[in-house]
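Got your viewer open and a selection tool ready? Load the model below and we'll walk through it stop by stop.

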Amino acid sequence: MAMSQRMWRREQERRRRERERRARRRRNCAIAVILIAIAAGAAVTIRYCTAGGSVSEQTTAAPVTVTAIPTPAIPSRTPIPVSELRTSFYDDSAFVGNALADGIALYGILPQTDVYAKVGIDLDNAYTTAADNASTSVVDQLKSSKFSKVFLCFGESELAAQDAQAFYDKYRELIATVKEYQQSARIYLIAIPPVTEEVSDSSSTGMTIDNIRDYNDTIKELAYDEDVYFADAYEALADNDGYLENGVSADGINLNRDCYIEMLNYIADNVYIPDREDLASSSESSDGEDGSSDEEQTERPRRTETAGDDTEEEPSETASPKPAVNVLKDSASTERPSRESEDSE
């Protein structure tokens, strides 16, 4: 019953947003008509003043024709079958965190995986806020069972603060707690997915691509410092300009079902524990400077995992290539509710 009520509230929210979009579309059409009328009137006035004729003559001689601009149609595509999702990688796993984790349960694409999540949760209230359909906090749910993998999804709610250092400190404390509760589990830090260019340009809550990249660099650094796996959900879904593709999200933020399948398949093939070279590459791409000047630190070989295999390899510029992403747009209307520093001694 609780799940049905949650889905009902999301459906109501989706309908409300659809009504708002329709209202904005009607308002924009009305504004366009008014501007065309003003432009037509101005043209008639100019002709009258320059030719010295009458308004009626000028209007008759030069009628204004308005040509409608056709709206390009989005082609209908077949949804990605769930059978293409490599579910075996997520056997005996738990997803913990915010709305990104909550979508796993919403779409039901990993039924064998436990999800302890709450929309809007952050690193401050994860210890006190109950998970959906539970009376125990999101983090304390990890005490109930033992898992081979734990995937942590945090960062979206913290973007508004635009304080990556505070985010680093709080996330590190949470990782220590998870390690205590799940001593034999592999821990994965999932990066913050991209948003559309429209959301990034208009956001007043820090949900911009630059801020998301900055926080994702912090998540990667945490993975290095804590010797846990980094799962790059951003790289899995970003287009050539670094944004979420238009049409795959009802609000430009939350992902549709096909995005989840693409993201989870990418993670299954590309998770790894970062090395010093990874951090240097992130620093160069964000700051334009060489971040590998700390030569006193011993570099660890990157450890990658694919389909449950744990292997070690030397850092390579060609490691973890990004596969072609074919995110479908047909299910976009299905919506879900929405520095590096060393410890002082």
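## A short tour of the charges and odd corners

Start by selecting Asp258 and Arg257, whose side chains meet in a salt bridge, 3.1 Å from N to O. Keep in mind as you go that this is a predicted model. Turn on a surface and see where this pair sits: Asp258 is buried, and Arg257 is buried too.

Now pick Arg172, Lys179 and Glu226 together. Salt bridges with shared partners join these three into one network. If you like keeping score, a search of the whole structure turns up seven salt bridges.

**Next stop: a long-range pair.** Select Arg86 and Asp269. They form a salt bridge, and the closest N and O atoms are 2.6 Å apart. Which parts of the chain does this pair link? Colour by secondary structure and you'll see Arg86 in the loop between helix H2 (55–61) and strand S1 (93–97), while Asp269 is in helix H8; the two are 183 residues apart, so this pair links distant parts of the chain. Is Arg86 buried or partly exposed? Arg86 counts as partly exposed, because its relative accessibility is 36% and buried means under 20%. Asp269 is partly exposed as well, at 32%.

**Then a pair closer to home.** Go to Lys118 and Asp132, another salt bridge, this time with the closest N and O atoms 3.3 Å apart. Lys118 lies in the loop between strand S2 (114–117) and S3, and Asp132 is in the loop between S2 and S3, so the salt bridge ties together parts that are 14 residues apart in sequence. Switch the surface back on for this one. Lys118 is partly exposed, with a relative accessible area of 32%, whereas Asp132 has 18% and is buried.

**Over to the negative patch.** Select Glu197, Glu198, Asp201, Asp239 and Asp241, and colour them red: they form a negative surface patch. Zoom in on Asp239, one of the patch members. Where is Asp239 found? Look in the loop between helix H7 (233–237) and helix H8 (257–270). The relative accessible area of Asp239 is 32%, so it counts as partly exposed.

**Into helix H6.** Click on Asn211, which has its place in helix H6 (residues 209–226). Asn211 counts as buried because its relative accessibility is 9%, and the limit for buried is under 20%. What is Asn211 in contact with, leaving aside its neighbours within four places in sequence? Show the surroundings and you should find Leu159, Gln162 and Gly206.

**Follow the contact to Gln162.** This residue lies in the loop between strand S3 (149–153) and helix H4 (164–181). Check the backbone: phi of Gln162 is near 50°, a positive value in a residue other than glycine. Is Gln162 buried or exposed? Gln162 comes out at 54% relative accessibility, so it counts as exposed, a label that calls for over 50%. Its contact partner Asn211, by contrast, counts as buried.

**Last stop: Asp227.** Select Asp227 in the loop between H6 and strand S5 (229–231). Here is another backbone to check: Asp227 has a positive phi of about 60° although it is not a glycine. With a relative accessible area of 35%, Asp227 is partly exposed.

Conventions. Residues are numbered from 1 along each chain as its sequence is written. This is a predicted model: local features need pLDDT of at least 70, side-chain atom pairs count only at pLDDT 80 or more; totals for chains, interfaces and linings use all residues. Side-chain values use heavy atoms; hydrogens and water are left out. Patches are made of residues with over 30% relative accessible area and no salt bridge: like charges are joined within 9 Å, nonpolar side chains (Val, Leu, Ile, Met, Phe, Trp, Tyr) within 5 Å. Accessible areas come from the Shrake-Rupley method with a 1.4 Å probe; for residues, only the protein chains shown count as cover. A salt bridge is a side-chain nitrogen of Lys or Arg within 4 Å of a carboxyl oxygen of Asp or Glu. Lys and Arg count as positive and Asp and Glu as negative; His and the chain ends are not counted. The place of a charge is taken as NZ of Lys, CZ of Arg, CG of Asp or CD of Glu. Helices (H or I, at least four residues) and strands (E, at least two) are DSSP runs, numbered from the N terminus. Buried means under 20% relative accessible area, exposed over 50%, partly exposed in between (1.4 Å probe, protein chains only). Contact means heavy atoms within 4.5 Å.
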